[in-house]
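Q: Hey, got a minute to walk me through this model? I'd like to start with the helices and then get to the sheets.
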Amino acid sequence: MKSVKKPVFFVVVALILGLTYLTLFGVYTQYGDIETTIIRGVKDIRWGIDIRGGVDVIFTSPEGYSATRTEMDAARSIIETRMVTRNITDYEIYVDYSTERIIVRFPWQSGDESFDPEQAVNELGETAMLTFREGAPWDAEDYEDLPIVITGADVERASPNYNPDTREYQVSLELKDSGKEAFADATGRLAGTGVPISIWLDDYCFSYPMVNERISDGSASISGNFTVEEVQSLANRINGGALPFRLEIDSFSRISPTLGMSALDAMVIAGVIAFAVIAIFMISRYRLLGVIATFGLLGQAMGTLAVITGFFPGTDSFTLTIPGIAGIILSVGMGVDANVITSERIKEELRIGKTLDGSLQAGYKRAFSVIFDCNITLLIISFVLMGAFGTPDSFAAKVLTPIFFMFGPGAAGAIYSFGFTLTVGAILNFIFGVFASRLMTYSISKFKPMRKTKLYARGVE
């Protein structure tokens with residue numbers, strides 16, 4: 001506590017207010033009719049189908065071509081990969097094997113100035129460009145700079161299997177005659193050098209296995225501590241890049257939002273009013289601690305929105321749905337609980353006659369274990385939701401594969417959005433509700449006019 005200096009309060013408050021402004025308004029530059037985004041604001045949030053509507057399209061195999069179940073699974077895998085690379089999480093994909101149709105729904109409305117739904121649908125249905133290239137994704141600024149070894153046209157098939165000798169799941173790769181020589185030359189040149197052969201679907205690298213030996217017969221295996229779901233997904237992607245047909249659009253339509261932007265506006269207004277009421281309650285009941293709690297809650301709410309907008313370097317905007325907004329509200333509610341618990345503990349310490357410094361230290365220490373337990377429980381729940389309803393490629397889905405593998409893929413973007421915002425909110429509750437609030441409290445308590453105990457609790461002199 002002694003190491004916390006007086007200016008810390010003002011520094012933390014300034015950072016929270018700065019984060020609030022940048023999150024709400026972003027930073028943009030305008031040159032003529034061209035607007036360049038430097039920092040994304042809330043206007044860059046991608047809204048889910050339930051708020052803004054989206055696109056509904058049915059793909060089918062070409063007339064006269066009979067696609068196998070494996071080929072349909074591979075086609076679905078390609079569409080999912082393209083969704084993920086565009087950071088579209090609130091999508092729905094269904095495969096009807098009997099009629100050879102793939103039904104896709106995803107949230108992007110024609111009202112977006114930078115988005116052409118018909119072009120996006122055509123891109124989703126394009127025959128994937130599968131390439132095997134020399135080097136890893138980080139070996140070149142542009143993936144096209146990596147030399148191509150073979151393409152999807154040179155792949156006969158990829159199939160998942162289990163190697164009893166190594167006790168590992170792996171993908172067996174069979175090449176056509178057209179690719180055997182080039183593959184043999186590349187593997188002979190790269191064997192033992194530590195340079196991988198990366199596998200790309202369009203401009204997305206989904207695997208970069210190392211080369212252990214020269215492969216001259218066109219039969220290779222890809223291994224690496226895979227689960228059965230991971231090898232199936234990898235095989236589907238490779239097979240998808242070698243599909244002998246282009247998906248055709250059977251029907252295409254725009255989806256009307258179930259709730260619409262008017263409902264979103266109502267929720268935003270309700271959220272602002274609720275936050276104001278909470279702030280008034282916290283300040284009237286806990287006085288100075290209530291003021292600090294309000295800043296902490298503001299930082300938590302704005303931090304969550306910042307993550308969703310893609311505010312931080314290296315992150316993309318996230319699809320936000322109505323359940324996702326509910327996750328933000330619930331996590332802020334947990335933040336209110338954290339501040340109430342802390343304030344009550346400090347009040348108890350003051351009432352038994354402890355000094356201000358001793359009460360602040362003891363109060364935060366006693367409250368931390370309760371706050372920690374509540375937020376860890378929240379994190380576990382949200383992580384399970386993300387694993388159960390997220391895309392098969394998500395980190396949570398991979399970790400929870402041993403639990404959910406028997407149910408098959410069940411992506412539901414609306415629930416995934418709820419789990420995501422709940423996770424972010426719980427993490428930020430530790431940062432703002434515990435760490436930042438403690439720094440502000442210790443700092444402001446060093447100012448002589450702020451050392452009156454009645455400023456920290458009603459009924460304490």
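A: Sure: helix 1 (residues 8-25) and helix 8 have axes that come within 9 Å and cross at roughly 35°. Helices (H or I, at least four residues) and strands (E, at least two) are DSSP runs, numbered from the N terminus. Axes are lines fitted to C-alpha atoms, for helices over the stretch in contact, and angles run from 0 to 180 degrees between N-to-C directions.

Q: Before we go on, what kind of model is this?
A: It's a predicted model: local features need pLDDT of at least 70, side-chain atom pairs count only at pLDDT 80 or more, and totals for chains, interfaces and linings use all residues. Residues are numbered from 1 along each chain as its sequence is written, and side-chain values use heavy atoms, with hydrogens and water left out.

Q: What does the pLDDT average for the protein chain?
A: The average is 80, and 84% of the residues score at least 70. pLDDT is the predictor's confidence in each residue, from 0 to 100. Over residues 406-411 the pLDDT is below 50, and that stretch has 7 contacts in the model beyond near neighbours in sequence. Contact means heavy atoms within 4.5 Å.

Q: Back to the helices. Which residues of helix 1 meet helix 8?
A: On the helix 1 side they include Phe 9, Val 13, Ile 16 and Leu 17, and they meet helix 8 residues including Ile 292, Phe 295, Leu 298 and Met 302.

Q: And by class?
A: The contact of helix 1 with helix 8 has 12 nonpolar, 4 polar and no charged residues. Ala, Val, Leu, Ile, Met, Phe, Trp, Tyr, Cys and Pro count as nonpolar, Asp, Glu, Lys and Arg as charged, and the others, Gly among them, as polar.

Q: At what angle do helix 8 and helix 9 pack?
A: Helix 8 (residues 288-309) and helix 9 (residues 322-351) pack at about 155°, with their axes 10 Å apart. That makes helix 8 roughly antiparallel to helix 9 (angles under 35 degrees count as roughly parallel, over 145 as roughly antiparallel, 65 to 115 as roughly perpendicular and the rest as oblique). Their contact has 10 nonpolar, 6 polar and no charged residues.

Q: Switching to sheets: what's the order in the one with strand 7?
A: It's an open sheet of 4 strands in the order 8-7-11-12, with antiparallel pairing. Two strands pair if DSSP finds at least two bridges between them. Strand 8 (148-151) and strand 12 (204-207) are at the edges with a single partner strand each, so one side of each has no neighbour in the sheet. The twist averages 35° from one strand to the next.

Q: How many bridges join strand 7 to strand 11?
A: Strand 7 (residues 130-134) and strand 11 (residues 197-201) are joined by 5 bridges, and Thr 131 stands opposite Trp 200 in strand 11.

Q: Which strands does helix 5 lie across?
A: Helix 5 (residues 177-190) lies across strand 7, strand 8 and strand 11, running at about 145° to strand 8.

Q: What about the sheet with strand 14?
A: That open sheet has 4 strands in the order 5-6-4-14, paired antiparallel. Strand 5 (92-96) and strand 14 (248-255) are the edge strands. Strand 4 (residues 54-60) pairs with strand 14 over 7 bridges, and Val 55 stands opposite Arg 254 in strand 14.
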